[in-house]
Amino acid sequence: EGEFNLESLRKITHTLAVKNEEISNFVCTLKQSLDNLEANSNRVQEDLQSEFTSLHSVLDEMKETMLTRIKQERASRTYELQSQLSACSKALESSEELLELANQTLCSSETDGFTQVTDLLCCCCAAANALVTMAPAFRLSLKAKASDNMSHLMVDFSQEREMLQGLKFLPVPATPEIQVSECQVCDNTVAIVWSLPEPDNKIDHYILEHRRTNHEGPPRIREDYPWMVVEGIREMEYTLTGLRFDTRYMTFRVRACNKAVAGEFSEPITLETHAFTFKLDSASAHQNLKVEDLSVEWDSSGGKIQDIRKEKTRTNSPMHSPARSALMSPKRALTARPGRDRFTAESYTVLADTMIDAGQQYWEVRFDKESKAFAVGVALRSLGRFDQLGKSSASWCIHLNNWLQQSLTAKHNNKARTLDCPIPSSIGVFVSYDEGVLSFYNAKTKQLMHTFKTKFQQPVIPAFMVWNGTFSVVTGLQVPSVVQSGQRKNSGTSSSNASLT
């Protein structure tokens, strides 16, 4: 009963710890939101002030331009009318003087009469001079050269006022919703599909963000990996290709943008990105193999010198299982053979640090085709430190030999079968542990090179060998669809390589 209570207490403690972390993350989120709210409010206030200042400047500039136009028009017309008024005034003055002279002459003729011829001639001469003087007045136009009407410069800003009164904040695009049921994860690609609550023809593009994570829940404040951004997406779907799945999940979110502003991000979704990942166990590597991450180079000088304590720590570290590690407690996890020795003598081998004990797994290896010898396959944990790949019952491999004569063979239990196929620059390895299938493919063309069919009695480990050459491993790969399809077609047929199983 005491053990039961203790186990119950552990469960309660674990539940409280998880809830405490969730609340702590949420508190951090709220604090960050408050900081963001303050900063964003100040920013939009400054933007609003700037926009209105700019609008006032435009209105003031237009006002000055239009006033200048009115003043120029008034000055031009004033000059025209003043000039015409001056000319008409002079003509009127001359006309009045002539009219007075004519009246005086008429009065004199009526009183005295024309008694002499000389007087008559004088009158005629005076009349002739009057006609000459009156000529400009007769030629003068009595129509104003400029109008006093200024209605063409009147304005009506009622529509503009209505438009200004209709000023409002920019319409923010609606928040998209990712359609989880239509999203697909396959062949190391992820297809994301989303929709809008209602059609919006003002949407210019979308922004998709994705992030790797090992946590299934909503994004946390403190994540191990940053958001990666894809901009300028024109459709409501996008496919990410060429991915390497070295985490258990990927989180996605998307937002819509018009010409001026971006909307809110959608609710994030998390998709499982199952793939086989491992590292090379440098503690198992032959001394002539220089291991750096997932790359190996032949080192004739004896390989790199390692710290003994670090090597001891690594050799006693537990093996990982991609299929069961999430379900097994650390006490149940299978461990490597204590004190795993380096491969030695002519076994230029290195193993992975992760075992395969269930499911289907796939990885690729790129190698130098000029290597004196190269091999890739799987091995049991019991593979001896002197054992070469393919020369015992504890390993299966494809072996490239460039010593004296080039050959490509499938090897197991010291039996070999020559393969009649071109030597590729990279090989894909497929393992279906439960079905006892080990297949090798041209990684580029996915052409099947060879298949071993057996029954694995123990977990197997990816294994590699190189002599006077180099290779690099690519992990985080899903089983390609074409490989799965080919395996299904061949599942009902008998193996042509039964002699090697």
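1. A375 has a relative accessibility of 0%, and it is therefore counted as buried, the cut-off for that class being under 20% relative accessible area. This value, like those that follow, was computed from a predicted model.

2. As for its place in the fold, A375 belongs to strand β13, which covers residues 373-380. Once the neighbours within four places in sequence are set aside, the residues in contact with A375 are L389, C397, I398, H399, A463, F464 and M465. A further pair may be worth locating in the viewer: A375 and L408 are separated by 33 residues in sequence, while their C-alpha atoms lie 9.5 Å apart in space.

3. On the scale of the whole protein, contacts can be sorted by the sequence distance that they span. Taking the contacts between residues at least 6 apart in sequence, one finds that 69% of them join residues at least 24 apart. The secondary structure of the protein consists of five helices and 21 strands.

4. With regard to burial and surface, 34% of the 501 residues of the protein count as buried, a class to which A375 belongs. The protein exposes an area of about 31,800 Å², and 53% of this area is supplied by carbon and sulfur atoms.

5. The surface also carries a patch of negative charge, in which E93, E96, E97 and E100 gather. One of these residues, E97, is placed in helix α1, which runs over residues 2-112, whereas the buried A375 discussed at the start is found in a strand, β13.

Technical notes: Residues numbered from 1 in each chain as written. Predicted model: local features only at pLDDT ≥ 70, side-chain atom pairs only at ≥ 80, totals over all residues. Heavy atoms only, no water. Patch = residues over 30% accessible without salt bridge, like charges linked within 9 Å, V, L, I, M, F, W, Y side chains within 5 Å. Areas by Shrake-Rupley, 256 points an atom, 1.4 Å probe, with all protein chains shown as cover. Salt bridge = Lys/Arg side-chain N within 4 Å of Asp/Glu carboxyl O. Lys, Arg positive; Asp, Glu negative; His and termini not counted. Charge placed at Lys NZ, Arg CZ, Asp CG, Glu CD. Helix = DSSP H or I, 4+ residues; strand = E, 2+ residues; numbered from the N terminus. Buried < 20%, exposed > 50% of the residue type's maximum accessible area, 1.4 Å probe, protein only. Contact = heavy atoms within 4.5 Å.
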